[in-house]
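Biologist: Before we begin, may I see the sequence and the structure together? I should then like to ask some questions about them.

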Amino acid sequence: MLPNSLLLILLLSAHCIGDFYLQWPCLAEKKRSVYPWLIVHSLLYAIPVGLVYFVVDIKWPFLLLAAAAHWLIDSGKWFLDRNKKIKPSALFAVDQVLHMICLLTLGIIAPSAALKAPFSLILEDFWRWLLVFLLIIKPANISFKELFYRFTVLPAPKEGEPNNNGAEILSERKPEESIRGAGSVIGVLERIFVVVFAATGQYTAFGMLMTAKSLARFERLTKEAAFAEYYLIGTLYSVLFAFLAYLIVFKIL
């Protein structure tokens with residue numbers, strides 16, 4: 001376990017809330033092109049980080065430094081995003097890694113922080129499970145879309161129309177073949193099962209889960225190679241993300 005693990009867990013939870021749950025798609029799109037919207041995002045991010053002060057005994061300058069570091073990293077990303085030669089997926093990955101390094105560094109160098117009353121009555125495992133579930137819902141979905149966007153199966157463009165944002169067109173999908181948003185919900189449920197199986201040591205159940213999921217798409221998997229590849233990437237990423245989230249939060253932090 002890392003030193004000051006409880007503070008690290010709370011800082012990472014605040015990061016998930018501020019950088020993913022308090023950043024709706026419209027805001028995420030606006031902050032990429034208009035810098036003042038990035039400042040709005042940074043102020044929203046500071047809210048859950050500031051709330052950590054009321055949960056654990058920590059000096060507020062550490063939290064102010066965490067919020068300021070997030071703004072500086074996002075500002076650097078904003079300026080680099082002007083360079084169209086840099087892939088958005090690479091920017092996203094580096095951005096999140098830098099955020100994690102900053103928070104981990106702050107958590108390690110900060111004095112040992114204990115829970116304040118009445119939060120001291122809550123078991124530490126509650127905060128660990130809170131972080132795991134925060135990770136496997138929205139961050140998992142968004143990170144997959146950001147990192148593997150070019151493999152997305154999109155409807156083929158009409159003749160003469162450019163590809164959508166440079167995405168690789170893999171196959172044509174009819175609108176009635178899938179309910180909008182169903183894939184994200186299935187992915188969330190899948191990751192919940194994975195962390196529950198990991199917590200109870202039922203690792204063989206992973207295979208049963210993937211088999212059951214594949215049966216629902218069996219016909220399309222056998223007929224569309226592009227969809228099958230995208231489906232496999234998504235499933236493997238989802239399972240790996242959930243398992244690593246549980247492993248890191250409960251065994252390393």
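Biologist: How many helices and how many strands does the chain have?

Modeller: The model shown here is predicted. From the N terminus on, the elements run α-α-α-α-α-α-α-α-α-α-α. The count is therefore 11 helices and 0 strands.

Biologist: Where is the pLDDT below 50?

Modeller: The chain averages a pLDDT of 84, and 88% of the residues score at least 70. One stretch falls below 50, although it has 32 contacts in the model beyond near neighbours in sequence. Where pLDDT is low, the predicted coordinates should not be read in detail. The stretch in question is residues 156-176.

Biologist: What share of the residues in the chain is buried?

Modeller: A residue counts as buried when its relative accessible area is under 20%. The chain has 253 residues in which to apply this cut-off. The buried share is 39%.

Biologist: Which residues of helix α2 are buried, and on the same side or on opposite sides of α2?

Modeller: Helix α2 spans residues 25-33, and its buried residues are L27, A28 and K31. An α-helix has 3.6 residues a turn, so residues three or four places apart point the same way. The buried residues L27, A28 and K31 cover an arc of only 100° around the axis, which puts them on the same side of α2.

Biologist: Which exposed residues lie on the face of α2 turned away from its buried side, and what covers the buried residues?

Modeller: The face of α2 turned away from its buried side carries exposed residues, P25 and E29. Cover for the buried residues of α2 comes from elements including α3 (35-55) and α4 (60-80).

Biologist: Which residue meets K31 in a salt bridge?

Modeller: Side chains of opposite charge can pair when their charged atoms come close. K31 counts as buried at 9% relative accessibility, and its partner is buried too, with a relative accessible area of 3%. The distance from N to O is 3.4 Å, and the partner is D74. This pair links distant parts of the chain, 43 residues apart: K31 is in helix α2 and D74 in helix α4.

Biologist: Which residue pairs with R32 in a salt bridge, and is R32 buried or partly exposed?

Modeller: With a relative accessible area of 34%, R32 is partly exposed. Its side chain meets that of E146 at 2.8 Å, N to O. The two are 114 residues apart, R32 in helix α2 and E146 in helix α7. The partner of R32 is thus a residue that counts as partly exposed at 22%, E146.

Biologist: How far apart in space are I142 and S184?

Modeller: I142 lies in helix α7, which spans residues 138-147. Among the elements that cover the buried residues of α7 is α8 (182-200). I142 and S184 are 42 residues apart in sequence, whereas the distance from C-alpha to C-alpha is 9.7 Å.

Biologist: Which helix supplies the largest share of the nonpolar patch?

Modeller: The patch covers about 660 Å² of the surface and is made by I47, L51, Y53, F54, W60 and L64. One of these, L51, is found in helix α3 and is partly exposed, with a relative accessible area of 48%. Both α3 and α4 supply at least two residues each. The largest share, 4 residues, comes from α3.

Terms used
Residues numbered from 1 in each chain as written. Predicted model: local features only at pLDDT ≥ 70, side-chain atom pairs only at ≥ 80, totals over all residues. Heavy atoms only, no water. pLDDT = per-residue confidence, 0-100. Contact = heavy atoms within 4.5 Å. Buried < 20%, exposed > 50% of the residue type's maximum accessible area, 1.4 Å probe, protein only. Arc of directions from axis to C-beta. Patch = residues over 30% accessible without salt bridge, like charges linked within 9 Å, V, L, I, M, F, W, Y side chains within 5 Å. Areas by Shrake-Rupley, 256 points an atom, 1.4 Å probe, with all protein chains shown as cover. Salt bridge = Lys/Arg side-chain N within 4 Å of Asp/Glu carboxyl O.
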